Amino acid sequence: MGAYYDEIEIEDMVWDAEKGVFHYPCPCGDRFEISRRQLADYEDIATCPSCSLVIRVIFDPLDFEDEPDEDDEGELEAESSEEDKDSDSDDDQAFEDALENLTISDAPSPVTAAAGG
Ligand SMILES: [Zn+2]
């Protein structure tokens, strides 16, 4: 199984701390690259960006899966903690009181005109 150009042990690759990738010289003049994250995901194929060659990286996934995610894309949402100051809601209370005191003064009483009888 393998259309790999070569199999390279991780120890033979060069760690690029700035880019977070291991790289290895490709015969085309560029170089194969595989990120540490790929290694953590059990990816063992380093690709060359300039040609279609790939190499298989020999490594122990256990050495990488417990690596802390330094390049974790944390969602930095600055929570704006605006304090909603309770505006006085005494008006509501006053309104309810008004309802309580509401008395029907002049209810239209049904006029039963005793006409005839
Ligand atoms: Zn190449």
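Two residues are in contact if their C-beta atoms, placed from the backbone, lie within 7 Å. The model is predicted: local features need pLDDT of at least 70, side-chain atom pairs count only at pLDDT 80 or more, and totals for chains, interfaces and linings use all residues. Residues are numbered from 1 along each chain as its sequence is written.

**Exercise 1. The whole chain**

Task: State which helices and strands the chain has, in what pattern, and what share of its contacts join residues at least 24 apart.

Solution.
Step 1. Helices (H or I, at least four residues) and strands (E, at least two) are DSSP runs, numbered from the N terminus.
Step 2. The chain has six strands and two helices.
Step 3. Along the sequence these follow the pattern β-β-β-β-α-β-β-α.
Step 4. Of the contacts between residues at least 6 apart in sequence, 35% join residues at least 24 apart.
Step 5. A residue is buried if 20 or more other C-beta atoms lie within 10 Å of its own, exposed if 12 or fewer, and partly exposed in between, with C-beta atoms placed from the backbone. Buried residues are 10% of the 117 residues in the chain.

**Exercise 2. The two faces of strand 4**

Task: Find which side chains of strand 4 point to the buried face, and which residues they touch.

Solution.
Step 1. Strand 4 covers residues 31–35. Its side chains alternate: Arg-31, Glu-33 and Ser-35 point to one face and are not buried, while Phe-32 and Ile-34 point to the other and are buried.
Step 2. Phe-32 is buried because 26 other C-beta atoms lie within 10 Å. Ile-34 also counts as buried, because it has 24 C-beta neighbours inside 10 Å.
Step 3. Leaving out residues up to four places away in sequence, Phe-32 touches His-23, Tyr-24, Cys-26, Ala-46, Thr-47, Cys-48 and Ile-55. With such residues left out too, Ile-34 touches Val-21, Phe-22, Leu-39, Glu-43, Ala-46 and Val-57.
Step 4. Two C-alpha distances complete the picture. Phe-32 and Val-21, eleven residues apart in sequence, are 9.6 Å apart in space. Ile-34 and Tyr-24, ten residues apart along the chain, are separated by 9.1 Å.

**Exercise 3. The nonpolar core**

Task: List the residues of the largest nonpolar core and name the elements that give two or more residues to this core.

Solution.
Step 1. A nonpolar core is a set of buried Ala, Val, Leu, Ile, Met, Phe, Trp, Tyr and Cys residues joined through C-beta atoms within 7 Å.
Step 2. The largest one has twelve residues: Ile-8, Met-13, Val-21, Phe-22, Cys-26, Phe-32, Ile-34, Leu-39, Ala-46, Cys-48, Ile-55 and Val-57.
Step 3. Strand 3 (21–25), strand 4 and strand 6 (54–58) are the elements that give two or more residues to this core.
Step 4. In strand 6, Ile-55 and Val-57 form the covered face, and Val-54, Arg-56 and Ile-58 the uncovered one.

**Exercise 4. Strand pairing**

Task: Work out in which sense, parallel or antiparallel, strand 6 pairs with strand 1 and with strand 5, and strand 3 with strand 4.

Solution.
Step 1. Two strands pair if DSSP finds at least two bridges between them.
Step 2. Strand 1 (residues 6–9) and strand 6 are parallel, over four bridges. Here Ile-8 stands opposite Val-57.
Step 3. Strand 5 and strand 6 are antiparallel, over three bridges. Thr-47 has Val-54 as its bridge partner in strand 6. The two strands form a hairpin with six residues between them.
Step 4. Strand 3 and strand 4 are antiparallel, over five bridges. Val-21 stands opposite Ser-35. Five residues lie between the two strands of this hairpin, and Gly-29 in the turn has a positive phi of about 110 degrees.

**Exercise 5. Two loop residues**

Task: Decide whether Tyr-42 is buried or exposed, and describe the surroundings of Phe-59.

Solution.
Step 1. Tyr-42 is in the loop between helix 1 (36–40) and strand 5 (45–47). Tyr-42 is exposed, because 10 other C-beta atoms lie within 10 Å.
Step 2. Most residues other than glycine have a negative phi. Tyr-42 has a positive one, near 65 degrees.
Step 3. Phe-59 is in the loop between strand 6 and helix 2 (90–101). Phe-59 counts as partly exposed, because it has 18 C-beta neighbours inside 10 Å.
Step 4. Apart from neighbours within four places in sequence, Phe-59 is in contact with Ile-10, Leu-39 and Asp-44. The C-alpha atoms of Phe-59 and Glu-43, 16 residues apart along the chain, are separated by 10.0 Å.
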